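Q: I am new to this structure and would like to know why its parts are described as they are. Could we go through the reasons step by step?

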Amino acid sequence: MTRITRRQALASAGALAATGLPLAAQASAENAAANFPSKPIRIIVPYQAGGATDALSRLLGQHIGPDLGQPVVVDNKPGAGGILGTNEVAKSDPDGHTISLGLTSTLLVNRFLYSKMPFDPARDLDMLYRPIDSGTLIAVHSGVPVKTLGELFKHIEANRGKLSYGSYGLGSYPHLAGERINQMTKGEMTHAPYKGEAPMVQALLARDIDVGWGSVQVMKQFVDAGKLRVLAITGRERPPGMPDVPTFTEAGVNDDAFNIVGFFGMAVAAKTPDAIKQKLSNAIAKALSKPEVNARVAAMGFRANTNSSPQEFTALYKRELPKWEALVKSVGVKLD
């Protein structure tokens, strides 16, 4: 007969308890996912209403809400280059009911721009889904005497220190791209930051600024009305809905700063259970796969990404980090 000592019995009990903990945690996570969502879902947009992020959030909300069985509320929280709204998501309960829909700047670039931030994107956020990759249009008021990107660069050089460009916030891609143009032309354009794309475009229409950046969704109506003139788009593809607009490279400016493609990204608080993130991701992919949603996204000037996921977006995020860090360093922008 084998005798079991007290020490062996305690060790065996400890081992059983240790193996039980992951099982209990797994069961708890599965239970949370099965009951998710248990209340309305809030999508926080870190910009003012009227821009492309706002429009996409409302479009997705209309479709993922019925699919998940809870209403989706879009909450615009502009300020501090997108930090205010994104911080609210980072500090929210990790239960999937609060989602950020921002841009590359709010989820990735700000970490290289600001010496102090109230949250760490790498530590406090989990990437959820990348619904859109987005090039950015550069435009001028139709009264500005330029018709091509090359003519704009010459115009900036000839008017050193006299012109201004707008962006949708400190540290946003238009801010970095505008400073890169300043470096290339020695144009010394003044930067005018706004709390989103919509107010920046309104400033361009009023000629409060000379150069602006934005999306097809916001700018096309004013281009069609003859009020704005789009000269080029960043990235490597022409925009859907505006096929005559060349890329920067096609327009004769082949520079890494303008070949980078940003993204519209969705994130949740870190430590949100994987099962909940996957449930949200599946609902977003399903919405973007609908023909009517795909058509609306195309009308905004984008291509819907139906193949993203938390895993795919996290991997892409890590690959893109060094590219954006290099851009920030090259233009020398640093914010307190």
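Q: What makes β1 and β2 paired strands, and which residue in β2 is the bridge partner of Ile-41?
A: In this predicted model, the bridge partner of Ile-41 is Val-72 in β2. Two strands pair if at least two bridges are found between them, and five bridges join β1 to β2, which run parallel; therefore β1 and β2 count as paired, given that cut-off of two.

Q: Why is strand β1 described as mostly covered?
A: A residue is called buried when its relative accessible area is under 20%, and in β1, which spans residues 41-45, four of the five residues are buried.

Q: What is the order of the strands in the open sheet, and what makes β2 and β4 its edges?
A: Five strands make up this sheet, in the order β2-β1-β3-β10-β4, with mixed pairing. β2 (72-76) and β4 (125-134) each have a single partner strand, so each of them has one side without a neighbour in the sheet, and that places them at the edges. On average, neighbouring strands of this sheet are turned by 25° against each other, direction ignored.

Q: How do you know that β3 and β10 are paired, and in which sense do they run?
A: Strand β3 (residues 98-103) and β10 are joined over four bridges in the antiparallel sense, and because at least two bridges are needed for a pair, these strands qualify. Leu-103 has Phe-264 as its bridge partner in β10.

Q: Where does helix α13 lie with respect to the strands?
A: Helix α13, residues 310-331, lies across β4 and β10, and its direction is at about 75° to that of β4.

Q: Why can α4 be called largely enclosed?
A: Nine of the ten residues of α4 are buried, so the helix is largely enclosed by the rest of the structure. Among the buried residues are Thr-104, Leu-107, Val-109 and Phe-112.

Q: Why is the empty space lined by Leu-103 and Phe-264 called a cavity, and how many cavities of 30 Å³ or more are there?
A: The word cavity is used because a 1.4 Å probe fits at its points but cannot get out. A search of the whole structure finds one cavity of 30 Å³ or more, and about 260 Å³ of space lies in it. Of the 23 residues that line this cavity, Leu-103, Ser-134, Thr-136, Tyr-168 and Phe-264 lie nearest its centre. At least two lining residues come from each of α2 (52-68), α4 (104-113) and β10 (262-269), with β10 giving the largest share, three residues. By class, the lining has ten nonpolar, twelve polar and one charged residues.

Q: What lines the largest pocket, and which residues are closest to its centre?
A: The largest pocket has a volume of about 380 Å³. It is lined by 22 residues, and the closest to its centre are Asp-133, Ser-134, Gly-135, Glu-237 and Val-261. This lining divides into nine nonpolar, eight polar and five charged residues.

Q: Which element gives the largest share of the lining of the second largest pocket?
A: The largest share, five residues, comes from α13. This second largest pocket has a volume of about 210 Å³, and of its 14 lining residues, Leu-125, Asp-126, Met-127, Pro-310 and Thr-314 lie nearest the centre.

Q: Why is Asn-182 called buried or exposed?
A: Asn-182 has a relative accessibility of 10%, and because buried means under 20%, Asn-182 counts as buried. Asn-182 lies in helix α7 (residues 173-185), and its contacts, leaving aside neighbours within four places in sequence, are Tyr-165, Gly-187, Glu-188 and Met-189.

Q: What makes the backbone at Lys-186 and at Arg-207 worth a remark?
A: Most residues other than glycine have a negative phi. Lys-186, however, has a positive phi of about 55°, and Arg-207 has a positive phi of about 60°. Lys-186 is found in the loop between α7 and β7 (190-193), while Arg-207 is in the loop between α8 (197-205) and β8 (211-214).

Q: How do you know whether Lys-186 and Arg-207 are exposed or partly exposed?
A: The cut-off for exposed is over 50%, so Lys-186, with a relative accessible area of 54%, is exposed, whereas Arg-207, at 43%, is partly exposed.

Terms used
Residues numbered from 1 in each chain as written. Predicted model: local features only at pLDDT ≥ 70, side-chain atom pairs only at ≥ 80, totals over all residues. Heavy atoms only, no water. 1 Å grid on protein atoms, 1.4 Å probe; cavity = no way out; pocket = protein on both sides within 12 Å on 5 of 7 lines; lining within 4 Å. Points joined across faces, edges and corners; volume = space filled by probe spheres on them. Nonpolar A, V, L, I, M, F, W, Y, C, P; charged D, E, K, R; others polar. Buried < 20%, exposed > 50% of the residue type's maximum accessible area, 1.4 Å probe, protein only. Contact = heavy atoms within 4.5 Å. Axes fitted to C-alpha atoms, helices over the stretch in contact; angles between N-to-C directions.
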